[in-house]
Amino acid sequence: SMDTFASYGASEDPSEGDKIMHAQLDTPSGLTLMASDTPNSMEYTPGGSISISLSGENEDELRGYWEKLSASGTVAMPLEKAPWGDYFGMCVDRYGVTWMVNIAGQAS
């Protein structure tokens, strides 16, 4: 599904009306990808302007993604217990894409 800035009344700038405010793609395996365009008021840097968040409760699957993504990249924040109670980590893969991994509801 996709919604524009205009459909939310989120901008008074007519040139932003067709920009995407919320886009969501759900995969058959249960992954959800979300995206949006950059508003004119924010700096746009091609190549460094994407981050992907992987969230869920399947610890084995999410730790597997984390290990593969971080092994060939750079860890910005280790996958550790976060203040909100989940396990969270952030890394940049070998292609320069930022990944955030959040494992929900894990007991310590």
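Asp93 is buried in this predicted model, yet the residue has no salt bridge, since the nearest side chain of opposite charge, that of Arg94, is 7.0 Å away. A salt bridge would need a side-chain nitrogen of Lys or Arg within 4 Å of a carboxyl oxygen. Asp93 lies in the loop that runs between strand E6 (87-92) and strand E7 (98-103), and its side chain reaches polar partners there, as the table sets out with the distance to Arg94.

| Partner of the Asp93 side chain | Distance |
|---|---|
| Tyr95, backbone nitrogen | 2.8 Å |
| Trp99, side chain (polar contact) | 2.9 Å |
| Arg94, side chain of opposite charge | 7.0 Å |

When residues up to four places away in sequence are not counted, Asp93 touches Leu69, Gly73 and Trp99. Leu69 and Trp99 also belong to the largest nonpolar core, which has twelve residues and includes Trp66, Cys91 and Val97. Strand E4 (51-56), helix H2 (59-71), E6 and E7 are the elements that give two or more residues to this core. In soluble globular proteins, nonpolar side chains tend to be buried together. Cys91, a member of the core, touches Trp66, Leu69, Val97 and Trp99 among others, again leaving out residues up to four places away in sequence.

Elsewhere in the chain, strand E2 (residues 20-26) and strand E3 (residues 32-35) pair in the antiparallel sense over four bridges, with Asp26 standing opposite Thr32 in E3. Five residues lie between the strands of this hairpin, and Gly30 takes a positive phi near 100° in it.

Terms used
Residues are numbered from 1 along each chain as its sequence is written. This is a predicted model: local features need pLDDT of at least 70, side-chain atom pairs count only at pLDDT 80 or more; totals for chains, interfaces and linings use all residues. Side-chain values use heavy atoms; hydrogens and water are left out. Two strands pair if DSSP finds at least two bridges between them. Buried means under 20% relative accessible area, exposed over 50%, partly exposed in between (1.4 Å probe, protein chains only). Lys and Arg count as positive and Asp and Glu as negative; His and the chain ends are not counted. A polar contact is a pair of N or O atoms within 3.5 Å; within protein, one must be able to donate a hydrogen and the other to accept it, and residues adjacent in sequence count only if both atoms are side-chain atoms. Contact means heavy atoms within 4.5 Å. A nonpolar core is a set of buried Ala, Val, Leu, Ile, Met, Phe, Trp, Tyr and Cys residues joined through side-chain atoms within 4.5 Å.
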